[in-house]
Amino acid sequence: MIDSKPYIGRGAQLTEMEQRERSIDSADLTDPKFYVAPPALADAVKVARALDMPLLLTGEPGCGKSQLAHSVAWELGLEEPLTFTVKSDSQGRDLFYSYDTLGRFREKNDDDPYRFLRLNALGRAIWGVLGEDAVKQEDVELESCIKKDKQLRFDLPGAVVLIDEIDKAPREVPNDILNEIEALSFDIPELPTCPQFALKKFKHNSKDATESAQQRNVSKPIIIITSNRERELPEAFLRRCVYYHVNLPPFRKDKQSDRSVTIEDIIKRRLGIDIAASADSPNSEKNIWAGGVSLFAYLRNARLQKAPSTAELLSWLLWLRQRYGLDWQKQVKDIEDFLPSAKITLFKHMEDQSRADDLFNKWCASKS
């Protein structure tokens with residue numbers, strides 16, 4: 001079972017030789033083995049698992065909330081997360097399954113109601129814990145759904161479920177799924193038998209479903225929910241979650257944050273760029289790597305319409321790395337496309353781009 005495996009959040013531990021010999025490409029920006037979690041975030045994962053509660057993450061877009069789910073799955077040796085991306089018209093049931101009611105109405109002569117059923121992330125996770133026999137005990141006709149669903153697995157020790165951007169859902173959706181997420185249960189009233197599935201108590205089965213899962217060495221799914229805080233979530237929903245807000249990491253370690261993950265740590269892990277502390281010189285005379293991080297920090301405090309995120313910084317530095325390699329001698333003032341490339345990667349608003357030249361000149365003349 002995966003319950004006994006702790007989540008550390010350190011990613012793959014590469015030697016200096018392995019780090020130097022890596023071939024860096026865009027896939028490295030999201031590869032879970034290069035994800036590093038702050039100790040407090042790793043602790044939040046541990047608490048959520050110990051309490052069998054979902055972990056709710058908030059934070060600005062591009063700060064790595066969704067990537068945590070992939071990191072947890074990778075570190076625990078599980079398959080990629082079962083993901084449901086919430087939309088503005090999502091209903092509570094959609095996290096578990098979808099049923100094409102309109103399609104069945106159009107084909108009213110079709111006597112196979114199971115053909116219109118499709119499992120989604122939480123539904124697959126719950127079925128995976130219950131096991132194939134328990135699912136078919138509730139409705140033997142579900143065997144046809146099991147056979148056609150290529151993502152459904154009953155042979156895995158557990159699963160990570162990512163419910164992404166739940167704040168996009170209508171207000172009632174978080175309230176609608178309170179009990180279902182807490183009990184890990186759902187039913188399908190569109191089917192003739194109205195089958196019901198729950199980990200705590202399974203109908204038609206004399207054995208407790210959780211005991212059955214333990215006998216098969218299967219752990220309950222780990223549920224990670226993200227929110228960009230476009231709207232506030234109901235208090236009743238918040239009470240049923242472990243909560244963590246993902247802040248922008250500090251730029252480099254100091255005595256107060258020597259245990260924290262820093263921006264420089266992330267850049268080194270993702271892109272193999274080791275940014276040493278730069279001399280006290282004008283920003284235009286810094287090498288392009290120290291200068292890139294310094295400009296990013298400056299823009300974060302420049303009151304832009306949209307401040308650049310960590311993801312955007314990594315994309316920009318990747319482009320610079322692909323263009324110039326790891327040339328530590330090139331200074332900002334020597335690179336003609338330093339600002340033009342920053343404009344189209346770090347500035348994501350027309351008004352911000354119109355200020356770019358002025359901000360860049362002020363930054364170049366300063367020391368940071």
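A helix here is a DSSP run (H or I) of at least four residues, numbered from the N terminus. Keep in mind that this model is predicted.

**Exercise 1. Find out which residues of helix α3 are buried and what covers them.**

Step 1: Go to residues 65–75, the stretch that makes up α3.
Step 2: Pick out residues with under 20% relative accessible area, the cut-off for buried. In α3 you get K65, Q67, L68, A69, S71, V72 and A73.
Step 3: Look at what lies over them. The cover includes two helices, α2 (39–51) and α12 (263–271), along with the strands β1 (55–58), β5 (160–164) and β8 (222–227).
Step 4: Check what follows the helix. After α3 comes G77, with a positive phi near 75°.

**Exercise 2. Sort the residues of strand β2 by face, then work out how β2 pairs with β5.**

Step 1: Start with the general rule: in a regular strand, side chains alternate between the two faces of the sheet.
Step 2: Apply that to residues 82–85. L82 and F84 make up the covered face of β2, while T83 and T85 are on the uncovered one.
Step 3: Turn to the pairing. β2 and β5 run parallel and are joined by four bridges.
Step 4: Take one residue as an example. L82 has V161 of β5 as its bridge partner.

**Exercise 3. Is the ring pair of F360 and W363 stacked, tilted or edge-to-face?**

Step 1: Remember that an aromatic pair is described by the distance of the centres and the angle of the planes. The structure has ten such pairs.
Step 2: Use both values here. The ring centres of F360 and W363 are 5.7 Å apart and the planes meet at 35°, so this pair is tilted.
Step 3: Place the two residues. Both belong to helix α17 (residues 356–364) and are three residues apart, about one turn of the helix.
Step 4: Bring in the geometry: an α-helix has 3.6 residues a turn, so residues three or four places apart point the same way.
Step 5: Check the burial. Both F360 and W363 are buried.

**Exercise 4. Track down an aromatic cluster, and a charge over a ring.**

Step 1: For the cluster, find F96, Y97, W127, F186 and F197, which group together as one.
Step 2: For the charge, go to R22. Its charged end sits over the ring of F34, 3.9 Å from the ring's centre.

Note on methods. Residues are numbered from 1 along each chain as its sequence is written. This is a predicted model: local features need pLDDT of at least 70, side-chain atom pairs count only at pLDDT 80 or more; totals for chains, interfaces and linings use all residues. Side-chain values use heavy atoms; hydrogens and water are left out. Buried means under 20% relative accessible area, exposed over 50%, partly exposed in between (1.4 Å probe, protein chains only). Contact means heavy atoms within 4.5 Å. Two strands pair if DSSP finds at least two bridges between them. Rings of Phe, Tyr and Trp (its six-membered ring) pair if their centres lie within 6.5 Å; planes under 30 degrees apart count as stacked, over 60 as edge-to-face and the rest as tilted. A charge sits over a ring if NZ of Lys or CZ of Arg is within 6 Å of the ring centre and within 35 degrees of the ring normal.
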